[in-house]
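Work through the exercises below with the sequence and the model side by side, and try each task before reading its solution.

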Amino acid sequence: KLIGQTRLPGLPLGSAFAEIAVINGDRPKQASRLGHVPVELTDELHRLWNLNANDALLVRILMRFGSPVAADQALTVASDPNAATKLRLAMLENLIALGDASIVQPTLTMFATLSDQSLQLAVLDALRRFSDSRITEQLLSMYPKFDDVLRSRVRAVLLVRAESAIAFLAQVDRGTISSADVTVDELRRLA
């Protein structure tokens, strides 16, 4: 789970500290891909893939090696309402770490249909890395329907980029979004 992630020294592991990078205004970066794969390893990975293409760790490894098939599998499983939530979350973690801009539209489509908050939060984490007007438009249009937890995460996604922050604040100015939703800390980061 920590592959490609940097843990700040002295902080305990766990989701309570997952927002530290966002609070400081940093955007998650795509984890690096690995270069050359030895033939022996390639053969073994393909053998394992044929046994179980839904293994989240195997998908992550293959995505790390740049496999578009593995990335498609991660997106397919994450989008599958019949898949177990734990597996969907694991595939979303893979997309958060290694997905490229091609995941934006399918992930937005998936987000619009989700009702499970843990999946919604994971999708927002996957989208956070991308600067795309479609993300801003969809999140702003859905914002009034969200509970406080989702609203907070949506603000974290929108307020890290100038374009989406301006669009968000324009909604606040128009009264579409309540100014009470925006915390002092969020305003301080924008200053």
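Three exercises follow, each with a worked solution.

This is a predicted model, in which local features need pLDDT of at least 70 and side-chain atom pairs count only at pLDDT 80 or more, while totals for chains, interfaces and linings use all residues. Residues are numbered from 1 along each chain as its sequence is written, and side-chain values use heavy atoms, with hydrogens and water left out.

**Exercise 1.** Describe the confidence of the chain and its elements.

Begin with the chain, whose mean pLDDT (the predictor's confidence in each residue, from 0 to 100) is 83, with 82% of the residues at 70 or more. Next, turn to the elements: the lowest mean pLDDT, 36, belongs to helix 1 (residues 20-23), and the highest, 96, to helix 8 (residues 133-142). Finally, residues 1-28 have pLDDT below 50, and this stretch has 30 contacts (heavy atoms within 4.5 Å) in the model beyond near neighbours in sequence.

**Exercise 2.** Determine which side chain of opposite charge is nearest to R88.

First locate R88 in helix 5 (residues 85-98). R88 is buried (under 20% relative accessible area, 1.4 Å probe, protein chains only), and the nearest side chain of opposite charge is D80, 6.5 Å away. R88 has no salt bridge, a term that requires a side-chain nitrogen of Lys or Arg within 4 Å of a carboxyl oxygen of Asp or Glu. A polar atom of the R88 side chain does, however, lie 2.8 Å from the backbone oxygen of A78.

**Exercise 3.** Explain why Q171 counts as buried.

Start from helix 10 (residues 162-174), where Q171 is placed. Q171 counts as buried because its relative accessibility is 16%. Then list its contacts, which, leaving aside neighbours within four places in sequence, are L140, T176 and I177.

Terms used. Helices (H or I, at least four residues) and strands (E, at least two) are DSSP runs, numbered from the N terminus. Buried means under 20% relative accessible area, exposed over 50%, partly exposed in between (1.4 Å probe, protein chains only). Lys and Arg count as positive and Asp and Glu as negative; His and the chain ends are not counted. A polar contact is a pair of N or O atoms within 3.5 Å; within protein, one must be able to donate a hydrogen and the other to accept it, and residues adjacent in sequence count only if both atoms are side-chain atoms.
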